Amino acid sequence: MEQLIQRAILVGVNLNQQTDFEYSMEELGNLAEACDVEVVGLVTQNLQRVTSSHYIGTGKIQEVIAHMEAHEANMVIFNDELSPSQIRNLEADLQCKVIDRTILILDIFAQRAKTKEAQLQVEVAQLQYMLPRLVGLRESLGRQGGGGVGTKNKGAGETKLELDRRRIEEKINVLNKELEALVAHRQTQRKQRKKNDVPVVSLVGYTNAGKSTIMNALVERFNPTAAKQVFEKDMLFATLETSIRNIPLPDNKSFLLTDTVGFVSKLPHHLVKAFRSTLEEVAEADLLIHVVDNSNPNHEQHIEITNNTLKDIGVQDITTIYAYNKSDLIDFPIPSVQEDRIYLAAKPRIGIDELVQVIRQHIFKDYIKCEMMIPYDKGNLVSYFNEHANIQETSYENEGTKLVLECRSVDYERYQDFIIR
């Protein structure tokens with residue numbers, strides 16, 4: 001069977017002259033393309049407030065119809081979340097499939113979700129999006145039948161609707177229980193990591209800024225035997241799962257690097273809610289690397305959207321480094337480090353060592369240089385420091401093994417008795 005090519009007209013309302021309106025329409029086009037929809041036309045309207053019945057003014061509807069006929073479109077995509085009645089009215093007038101930005105993003109997430117947890121999270125978000133939209137159909141369904149026996153004046157359509165609604169609510173509960181089990185498992189893993197005292201560094205940023213490429217560059221450089229490259233591709237939302245990789249540095253220091261889902265403007269609240277547990281990984285990081293696509297003319301907006309989304313999920317007061325990636329595409333002299341900003345290009349691997357240097361300065365601040373004399377009967381301590389500290393010199397004296405080392409302040413306090421300098 002020949003697959004129907006989806007051709008869409010994009011529709012947006014610029015409320016009170018928003019400065020980022022044009023960009024958000026451009027992004028809507030990118031989201032549509034990510035769903036294999038061909039964008040064939042664009043209709044926009046400046047309004048003080050959206051029209052409650054149709055989102056756009058009724059005169060604009062004729063313009064959309066004209067565009068659809070001219071470009072043979074079979075779908076209209078709106079730039080904001082539509083209410084159930086707006087979708088119903090628009091579909092009746094436009095005689096085609098009407099979708100909004102939220103369902104588009106949910107669809108992309110559904111296509112990209114690979115792990116069980118991400119799939120459950122997307123499904124919960126989709127069902128929560130559907131629930132009120134079922135309720136919105138009540139009026140039209142309610143007219144379909146009179147008061148039959150046992151239906152207590154309910155239309156047959158309305159009774160079916162109650163059933164559908166109950167089924168969806170039950171399904172959401174079942175999925176949430178499954179999710180809770182996965183989240184509990186991950187929290188156990190997080191506790192274990194905290195116990196091991198390994199610092200956690202989290203990559204955050206707008207979708208497609210290059211977080212996974214940076215992660216792969218670090219893994220390749222410091223842990224090549226791991227052979228655990230994460231998926232990277234030049235597309236929106238390539239990463240939905242949280243990946244965690246250990247980055248062992250040459251001087252016995254190491255940190256865990258986590259890569260999270262990218263953000264986008266108007267990220268649907270259902271999704272933020274569903275992915276909250278995944279995003280909580282970020283809240284427990286010791287350091288954030290906010291990856292910015294420096295070659296994107298809208299990167300300032302991306303920074304703002306990412307910061308606002310982080311605030312929404314309760315991530316605040318974590319030290320942040322800004323990694324301006326893809327700087328090679330705009331002829332920026334790289335690598336370059338300026339306080340909490342680093343300019344690099346992860347794909348050609350320029351600036352990776354400098355990035356690690358900046359990470360080091362932030363997460364290994366509590367290392368203390370000292371000399372210790374460890375009695376020969378405490379050989380296990382020497383092995384401990386060989387594993388958990390940066391030993392610069394070892395010599396064997398009469399009293400025991402003398403170590404010149406750099407160790408964490410907790411170990412410095414714990415083994416005070418052996419410190420000679």
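Two strands pair if DSSP finds at least two bridges between them; strands (E, at least two residues) and helices (H or I, at least four) are DSSP runs, numbered from the N terminus. The model is predicted, so local features need pLDDT of at least 70 and side-chain atom pairs count only at pLDDT 80 or more, while totals for chains, interfaces and linings use all residues. Residues are numbered from 1 along each chain as its sequence is written, and side-chain values use heavy atoms, with hydrogens and water left out.

**Exercise 1.** Determine the strand order of the open three-stranded sheet and identify its edges.

*Solution.* The order is E12-E14-E13, and the pairing is antiparallel. Strand E12 (367-374) and strand E13 (390-396) each have a single partner strand, so each stands at an edge with one side lacking a neighbour in the sheet. On average, neighbouring strands of this sheet are turned by 20° against each other, direction ignored. E13 is joined to strand E14 (residues 401-408) by six bridges. One bridge links Tyr396 with Thr401 in E14.

**Exercise 2.** Describe how H8 packs against helix H12 (residues 352-363).

*Solution.* Axes are lines fitted to C-alpha atoms, for helices over the stretch in contact, and angles run from 0 to 180 degrees between N-to-C directions. The two axes lie 10 Å apart, at an angle of about 90°. H8 and H12 are therefore roughly perpendicular (65 to 115 degrees). By contact (heavy atoms within 4.5 Å), Ile214, Ala217, Leu218, Arg221 and Phe222 of H8 meet Ile352, Asp353, Leu355 and Val356 of H12. Of these residues, seven are nonpolar (Ala, Val, Leu, Ile, Met, Phe, Trp, Tyr, Cys and Pro), two are charged (Asp, Glu, Lys and Arg) and none is polar (the others, Gly among them).

**Exercise 3.** Examine the backbone at Asn16, Asn208 and Pro335.

*Solution.* Most residues other than glycine have a negative phi, and most peptide bonds are trans. Asn16, however, has a positive phi of about 50°; Asn16 lies in the loop between strand E1 (7-15) and helix H1 (21-34). With 48% relative accessibility, Asn16 is partly exposed (between buried, under 20%, and exposed, over 50%; 1.4 Å probe, protein chains only). Asn208 also has a positive phi, near 70°, and sits between strand E5 (200-205) and helix H8 (211-222). The peptide bond from Ile334 to Pro335 is cis, with omega near -5°.

**Exercise 4.** Assess the confidence of the model.

*Solution.* The average pLDDT (the predictor's confidence in each residue, from 0 to 100) is 84 for the chain. Over residues 136-154, pLDDT stays under 50.

Key:
Angles under 35 degrees count as roughly parallel, over 145 as roughly antiparallel, 65 to 115 as roughly perpendicular and the rest as oblique.
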